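Biologist: I'm new to this one, so please put it on the screen and walk me through it.

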Amino acid sequence: MSTVAHLLIALAFSSCIYVFTRKSHRKFNISLICLFTIGSILPDLLTLLDIVPNFFGEATNYNPFRYYYHNISMWIVISLIYTIFFKILLKFLNEETGNQTKITFKQIYIILLASGLMHFGIDMLTEPVGLIGELFVSITSFYTPYGVLGEQDLAYIIFILMTFNIPMGLCLFSLQKSEKQNSFLNSCESLIKEESWDSLVGYVNIVIKEIEYSLV
Ligand SMILES: [Zn+2]
């Protein structure tokens, strides 16, 4: 599925959640809509990076890492790595702009997971998507590298769950306040709050100021 289509579908989907939750005191606000929409194209990042070499005639249609990256079960881990990146970026932007945009580690992870799973669900319409190991799934069948396994009804159910029910459930769950303070995602949040991250952000700030100074 084209990247623009992913962006438009994710924007429409997350805007609907905003409308449903706008009267609640925990609404799916603009920052979360942006995060969900950006997250919806991250699974295609390796494909997008191929645009430049393809433009110059170097055919890189098969990127060997793409299978591991554009993969439903791997996304559970990959979105955790993106969460660390977005959390540090948010902290940096808040310090630079003086804004107090508050999105927790848990919220970022759940929303990136939701938008990634939705991406794979939509991709199932046009191509088989890696599910786990050497097993692929499309809207019509399951596949292995050796052939089609069939099971059309189960493939339909996975398609519906991935494009609608799971992303909707995860987005609404991301608005709930976690009671368990020692859960894994809350521990990650406190890890990033540690002074080591502060000094990392501080160090990046100093480097940027040095570069700005040397350019003047
Ligand atoms: Zn894709």
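Biologist: Read along the sequence, what pattern does the protein chain follow?
Modeller: Before I answer, this is a predicted model, where local features need pLDDT of at least 70, side-chain atom pairs count only at pLDDT 80 or more, and totals for chains, interfaces and linings use all residues. Residues are numbered from 1 along each chain as its sequence is written. The protein chain has 10 helices and 4 strands (DSSP runs numbered from the N terminus: H or I of at least four residues for helices, E of at least two for strands). Read along the sequence, the pattern is α-α-α-α-α-α-α-β-β-β-β-α-α-α.

Biologist: What share of the residues of the protein chain counts as buried?
Modeller: A residue is buried if 20 or more other C-beta atoms, placed from the backbone, lie within 10 Å of its own, exposed if 12 or fewer do, and partly exposed in between. Of the 216 residues in the protein chain, the buried share is 26%.

Biologist: Let's start with helix H1. How far apart are its end C-alpha atoms?
Modeller: Helix H1 covers residues 3–21, which makes 19 residues. The expected span is 1.5 Å times one less than the number of residues. That gives 27 Å for H1, and the end C-alpha atoms agree, being apart by 27 Å.

Biologist: Which helices do the buried residues of H1 pack against?
Modeller: The buried residues of H1 are His6, Ala10, Phe13, Ser14 and Ile17. They sit on the same side of H1, because they cover an arc of only 90 degrees around the axis (the arc of the directions from the helix axis to the C-beta atoms). An α-helix has 3.6 residues a turn, so residues three or four places apart point the same way. The buried residues of H1 pack against helix H2 (30–39), helix H7 (105–123) and helix H8 (152–174).

Biologist: And which exposed residues does the face of H1 turned away from its buried side carry?
Modeller: It helps to look first at Leu11, another residue of helix H1. Leu11 counts as partly exposed because it has 15 C-beta neighbours inside 10 Å. On the face of H1 turned away from the buried side, the exposed residues are Val4, Ala12 and Val19.

Biologist: Which element gives the most to the largest nonpolar core?
Modeller: A nonpolar core is a set of buried Ala, Val, Leu, Ile, Met, Phe, Trp, Tyr and Cys residues joined through C-beta atoms within 7 Å. The largest has 33 residues, and Phe36, Ile108 and Met118 are among those with the most contacts inside it. H1, H2, helix H6 (75–97), H7, S2 and H8 each supply at least two residues of this core. With 12 residues, the element that gives the most is H7.

Biologist: How many residues of H7 are buried?
Modeller: At 1.5 Å a residue, H7 should span 27 Å, and its end C-alpha atoms are 27 Å apart, which agrees. H7 is mostly covered, and its buried residues number 19 of 19.

Biologist: Leaving aside its neighbours within four places in sequence, which residues is Leu113 in contact with?
Modeller: Two residues are in contact if their C-beta atoms, placed from the backbone, lie within 7 Å. Leu113 is among the residues with the most contacts inside the largest nonpolar core. Leaving aside neighbours within four places, its partners are Trp75, Ile76, Ser79 and Leu170.

Biologist: Which residues of H6 are buried?
Modeller: H6 has 23 residues and reaches 31 Å from first C-alpha to last, close to the 33 Å expected. After H6 comes Gly98, with a positive phi near 80 degrees. The buried residues of H6 are Trp75, Ser79, Thr83, Phe86 and Lys87.

Biologist: On to the sheet. Which strands stand at the edges?
Modeller: It's an open sheet of 4 strands in the order S1-S2-S3-S4, with antiparallel pairing (two strands pair if DSSP finds at least two bridges between them). Each edge strand has a single partner, so one side of each is left without a neighbour in the sheet. Those edge strands are S1 (129–132) and S4 (147–150).

Biologist: Which residue of S4 does Tyr143 stand opposite?
Modeller: S3 and S4 form a hairpin with 2 residues between them, and 3 bridges join these antiparallel strands. On the S2 side, Tyr143 in S3 is the bridge partner of Phe136. In S4, Tyr143 stands opposite Val148.
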